[in-house]
Amino acid sequence: MNTKRLSAALEKALSEQMNVELYQSHVYLSYGIWASDEGYDGIGNFLFRHSLEERNHAIKFMEYILNRGGKPTVTALKAADKDPKNLKECFDRVFKHEVENTEKIYNLVNIAFEEKDWATWNFLQWFVKEQIEEETLAMDLIDKLKIAGGNEASDESLFNLDKYLGQAPDDAELARDATSEKP
Ligand code: OFO
């Protein structure tokens, strides 16, 4: 009996997304190595933690496809980007990667919507929310570096930024959780 509960098109698209998440993990890992090598151990730590988070996203896609009777395929990953020139370029690229991934998630949502596959549509809403958080987190990185002085930041402000990001929470606050007391 055929127990597959995913269309062939969605099975393929979700499997591709699993590999995209693995690639994102790859990218964060490479930026973390770059940052640590530059002496920014706190920022490196932040990026390594994020690399793990992206791998967890891949696992969610893998598990969902399996649960729906499909079978994901692990493909070769392209090489991560070249090292950034400086922290500004690193954080700008992190933001760009997140926005590109958001667009990929939206595309999956569209396919699920067109197919009226409400189970997949529901599964994907977690990722829609997650991408809001991740874009916010990436914007925060850019803002914090700007406040620290950007490419002209003093050693002292970079030291403090590195220390802060080494311990910073991994999740950004969502607007839906804001209150008057805690905007
Ligand atoms: Fe998988 O969330 Fe970032 O990209």
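**Overall fold and helix packing**

Read from start to end, the protein chain follows the pattern α-α-α-α-α. The model is a predicted one. The chain holds 5 helices and 0 strands. Its C-alpha trace spans about 65 × 45 × 20 Å along the principal axes. Of the 183 residues in the chain, 44% are buried. Contacts were also sorted by separation in sequence. Among those between residues at least 6 apart, 79% join residues at least 24 apart.

Helix pairs were examined next. Two packed helices are described by the angle between their axes and the distance between the axes. Helix 3 covers residues 87–115, and helix 4 covers residues 118–148. Their axes come within 9 Å and cross at roughly 165°. An angle over 145 degrees counts as roughly antiparallel, so helix 3 and helix 4 are roughly antiparallel to each other. The crossing of this pair is left-handed. The residues of the contact between helix 3 and helix 4 divide into 21 nonpolar, 5 polar and 5 charged.

The loop between helix 3 and helix 4 contains K116. Most residues other than glycine have a negative phi. K116 is not glycine, yet its phi is positive, near 55°. K116 counts as exposed, because its relative accessibility is 58% and the cut-off for exposed is over 50%.

A second pair is formed by helix 2 and helix 5. Helix 2 runs over residues 41–67, and helix 5 over residues 155–167. The axes of helix 2 and helix 5 come within 6 Å and cross at roughly 30°. Angles under 35 degrees count as roughly parallel, so helix 2 and helix 5 are roughly parallel to each other. Helix 2 passes helix 5 in a left-handed crossing. On the helix 2 side, the residues of this meeting are D41, G42, I43, N45, F46 and R49. On the helix 5 side, they are D162, L165 and G166. The residues of this contact divide into 3 nonpolar, 3 polar and 3 charged.

Q167 also belongs to helix 5. Q167 is exposed, since its relative accessible area is 66% and exposed means over 50%. Q167 and F46 are 121 residues apart along the chain. Their C-alpha atoms are separated by 7.6 Å. F46 is also one of the helix 2 residues that meet helix 5.

Two buried residues were then followed in detail. S15 is found in helix 1, which covers residues 8–37. Buried means under 20% relative accessible area, and S15 has 7%, so S15 is buried. The side chain of S15 reaches the backbone nitrogen of T73 at 2.9 Å. Neighbours within four places in sequence were set aside for the contact list. With these left out, S15 is in contact with I65, P72 and T73. I65 lies within the residue range of helix 2, 41–67.

E133 is the other residue of this kind, and its place is in helix 4. E133 counts as buried, because its relative accessibility is 8%, and the cut-off is under 20%. Residues up to four places away in sequence were again not counted. Beyond them, E133 touches D171, A172 and L174. Helix 4, which holds E133, is also the partner of helix 3 in the roughly antiparallel pair.

How values were computed
Residues are numbered from 1 along each chain as its sequence is written. This is a predicted model: local features need pLDDT of at least 70, side-chain atom pairs count only at pLDDT 80 or more; totals for chains, interfaces and linings use all residues. Side-chain values use heavy atoms; hydrogens and water are left out. Axes are lines fitted to C-alpha atoms, for helices over the stretch in contact, and angles run from 0 to 180 degrees between N-to-C directions. Helices (H or I, at least four residues) and strands (E, at least two) are DSSP runs, numbered from the N terminus. Angles under 35 degrees count as roughly parallel, over 145 as roughly antiparallel, 65 to 115 as roughly perpendicular and the rest as oblique. A crossing is left-handed if the near helix is turned anticlockwise from the far one by less than a right angle, and right-handed if clockwise. Ala, Val, Leu, Ile, Met, Phe, Trp, Tyr, Cys and Pro count as nonpolar, Asp, Glu, Lys and Arg as charged, and the others, Gly among them, as polar. Buried means under 20% relative accessible area, exposed over 50%, partly exposed in between (1.4 Å probe, protein chains only). A polar contact is a pair of N or O atoms within 3.5 Å; within protein, one must be able to donate a hydrogen and the other to accept it, and residues adjacent in sequence count only if both atoms are side-chain atoms. Contact means heavy atoms within 4.5 Å.
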